[in-house]
Amino acid sequence: MVFPFGNIKDFSITLTDEEELFRKTVRQFVDNEVMPRVVEVEKSGEIPEDLIQKGVEMGFTGVGIPEEYDGQGGGTLLTAILMEELSRALPAYGTGLLVNGLFTYPVLRYGTEEQKKKYIPPVARGEVFAAHASTEPAAGSDVAGIQTTAEKKGDKYIINGRKIFITGADKAKYFVVSARTNPPPDKRKRWWGITVFIVERDWPGVEVGSRFDVMGLTGEHPSEVILDNVEVPEENIIPPKDEGFKILLDTYDHSRVGIAAQAVGIAQGAFEKAFNYSLQRTAFGRQIIAFEGVSFKLADMLTEIQAARLLTYWAATLADQGREEAVFAASMAKTFATEVAERVANLAIKIHGGVGVDKETGVEHYLRDAVITTIYEGTNDIQRLTTIRQLLKKTLGIDVLIR
Ligand SMILES: Cc1cc2nc3c(=O)[nH]c(=O)nc-3n(C[C@H](O)[C@H](O)[C@H](O)COP(=O)(O)OP(=O)(O)OC[C@H]3O[C@@H](n4cnc5c(N)ncnc54)[C@H](O)[C@@H]3O)c2cc1C
């Protein structure tokens with residue numbers, strides 16, 4: 001036994017030849033199609049439509065979605081490999097193609113068969129995009145603190161509220177939206193009374209408002225979503241009603257493995273650039289890799305990346321096995337990998353010297369992107385709270401709601 005886990009075999013990660021083949025295919029696509037366009041995206045602030053379409057044609061929007069709903073199949077691990085490889089070049093591209101998962105996961109896991117049949121296949125095929133609208137001006141980490149309301153009127157619900165920082169909202173046709181359908185019974189059960197709805201962009205009262213001009217993930221601008229007396233049919237509730245908080249937390253427990261993978265990709269991309277540069281650049285008559293000040297940085301970067309990748313693949317493996325410890329592992333992986341990405345990206349800039357801060361070099365964006373990974377889908381403070389909560393639950397059986 002390795003405290004607090006039950007068995008040393010809990011740490012096993014098994015990868016298949018298919019997964020390796022998939023990784024190679026994605027990497028080749030990224031090297032040919034995405035890498036050459038990174039600077040263009042950083043300068044224009046937009047991901048070109050043809051690049052999005054190429055990703056759709058490769059089937060990336062269907063990865064992690066069962067074939068019966070027109071997906072490509074595969075689970076958390078395969079999705080993590082995809083996210084890592086896309087983020088190695090352009091993390092915003094990974095976010096843009098895979099943010100759909102924040103919509104498809106709750107629908108596939110909790111939705112009715114009608115909801116799955118109607119909403120999943122077009123998203124899996126990449127014909128439409130979807131987004132996840134939960135954060136509000138007064139409630140981010142505090143998911144139970146949302147103020148959006150959904151009031152029952154006949155067989156419909158009328159939703160009013162304002163969501164902010166919604167990734168992919170500008171191109172989304174479908175949203176999952178959290179809203180309060182009932183007041184909480186008491187202070188200790190604040191989470192109760194929240195319901196998750198599927199809302200369509202075309203419905204009257206749905207407005208995608210201004211974009212947020214964020215420091216990183218250039219090209220993938222989150223936007224505000226305003227819901228003004230939006231009529232939503234009762235059948236668009238993702239059941240169970242009033243227990244949507246649990247659906248939201250389960251969604252984030254699952255999706256944060258993807259953010260850990262994105263961070264591994266960021267770190268890997270920054271490392272490869274720094275390593276190549278250290279071989280090309282000479283100073284004082286030598287390649288700069290010959291200086292310990294450079295080579296020791298590279299050694300530490302590589303060590304941290306491998307540790308982050310192991311944690312991430314381990315979390316993904318546990319998630320695919322449906323293990324309870326997956327929540328624990330995902331929080332640890334997200335915290336560690338995103339902070340490794342920050343450190344590695346920062347060191348990669350330093351190894352490049354002056355050109356490291358020149359946007360044309362295409363390395364400084366990794367640091368700006370990495371900072372966002374430490375914040376979205378649950379800040380690392382919240383991940384640390386989750387880790388401690390899971391530890392207390394596993395070792396003492398105490399279930400404290402501290403997230
Ligand atoms: C680029 C980007 C994209 C996003 N995309 C989406 C999206 O698609 N959909 C969506 O719904 N949301 C999205 N978000 C919102 C994101 O999930 C929230 O920003 C995040 O959860 C933090 O919430 P907050 O911004 O309200 O910060 P707050 O919750 O106000 O936190 C502020 C600070 O206080 C700390 N803190 C808060 N509570 C605690 C606590 N209990 N213990 C310790 N520290 C605490 C936090 O760690 C943080 O440092 C996105 C955000 C960004 C930046």
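Strand E1 (129-133), strand E3 (156-166) and helix H12 (380-396) each put at least two residues into the shell around the ligand. That shell belongs to a predicted model, and it makes a handy way into the structure. Of its 23 residues, Thr135, Gly140, Ser141, Thr379 and Asp381 come nearest to the ligand. Sorted by class, the shell holds 12 nonpolar, 8 polar and 3 charged residues. Where does the ligand lie with respect to domain 2 (129-243) and domain 3 (246-396)? Both of these domains give residues to the shell, so the ligand lies between them.

Stepping back to the overall layout, the protein chain splits into three parts: domain 1, made of two stretches (8-83 + 90-124), then domain 2 (129-243), and finally domain 3 (246-396). Helices and strands are both well represented, with 12 helices and 10 strands in the protein chain. The radius of gyration comes out at 21 Å, close to the 22 Å that the globule rule gives for 403 residues, so the chain is as compact as a globular protein of that length. Taken along the principal axes, the C-alpha atoms fill a box of roughly 80 × 50 × 40 Å. As for the interior, buried residues make up 48% of the 403 residues. Contacts also reach far along the sequence: among those between residues at least 6 apart, 72% join residues at least 24 apart.

Domain 1 and domain 3 meet as well. Their C-alpha centres lie 19 Å apart, and 21 residues of domain 1 are in contact with 24 residues of domain 3. On the domain 1 side, helix H2 (38-44), helix H4 (76-89), helix H5 (91-98) and helix H6 (101-110) each supply at least two of the touching residues. Which helix gives the largest share of that side? The answer is H6, with 6 residues. By class, this side of domain 1 has 13 nonpolar, 5 polar and 3 charged residues.

Gln262 is a good residue to pick out next. It sits in helix H8 (residues 244-280) and, with 34 C-beta neighbours inside 10 Å, Gln262 counts as buried; the cut-off for that label is 20 or more. Leaving out residues up to four places away in sequence, Gln262 touches Met83, Ser87, Pro91, Gly94 and Thr373. There is also a long jump in sequence here: Gln262 and Ala337 are 75 residues apart along the chain, yet their C-alpha atoms are 8.6 Å apart in space.

Over in the strands, E5 (residues 194-200) deserves a look. Is E5 largely enclosed or largely open, and why? With 6 of its 7 residues buried, strand E5 is largely enclosed by the rest of the structure. E5 has strand E4 (residues 172-180) as a partner, joined by 7 bridges and running antiparallel. In that pairing, Phe175 stands opposite Val199 of E5. Strand E8 (residues 237-238) is another antiparallel partner of E5, this time joined by 2 bridges, and here Phe197 stands opposite Ile237 of E8. As a rule, the side chains of a regular strand alternate between the two faces of the sheet.

A few spots in the backbone are out of the ordinary run of the description so far. The peptide bond from Pro239 to Pro240 is cis, with omega near 0 degrees, and Pro240 is found in the loop between E8 and H8. Two residues other than glycine have a positive phi, starting with Phe165 at about 60 degrees. Phe165 lies in strand E3, one of the elements that supply the ligand shell. Is Phe165 buried or exposed? Phe165 counts as buried, because it has 20 C-beta neighbours inside 10 Å. Asn229, with phi near 50 degrees, is likewise a residue other than glycine with a positive value. Asn229 is located in strand E7 (residues 223-233) and is exposed, as 10 other C-beta atoms lie within 10 Å.

Definitions and conventions: Residues numbered from 1 in each chain as written. Predicted model: local features only at pLDDT ≥ 70, side-chain atom pairs only at ≥ 80, totals over all residues. Buried ≥ 20, exposed ≤ 12 C-beta atoms within 10 Å, placed from the backbone. Helix = DSSP H or I, 4+ residues; strand = E, 2+ residues; numbered from the N terminus. Pairing = 2+ DSSP bridges. Near = placed C-beta within 6 Å. Nonpolar A, V, L, I, M, F, W, Y, C, P; charged D, E, K, R; others polar. Domains from an automatic or database assignment. Contact = placed C-beta atoms within 7 Å. Rg over C-alpha atoms; globule rule 2.2 N^0.38 Å.
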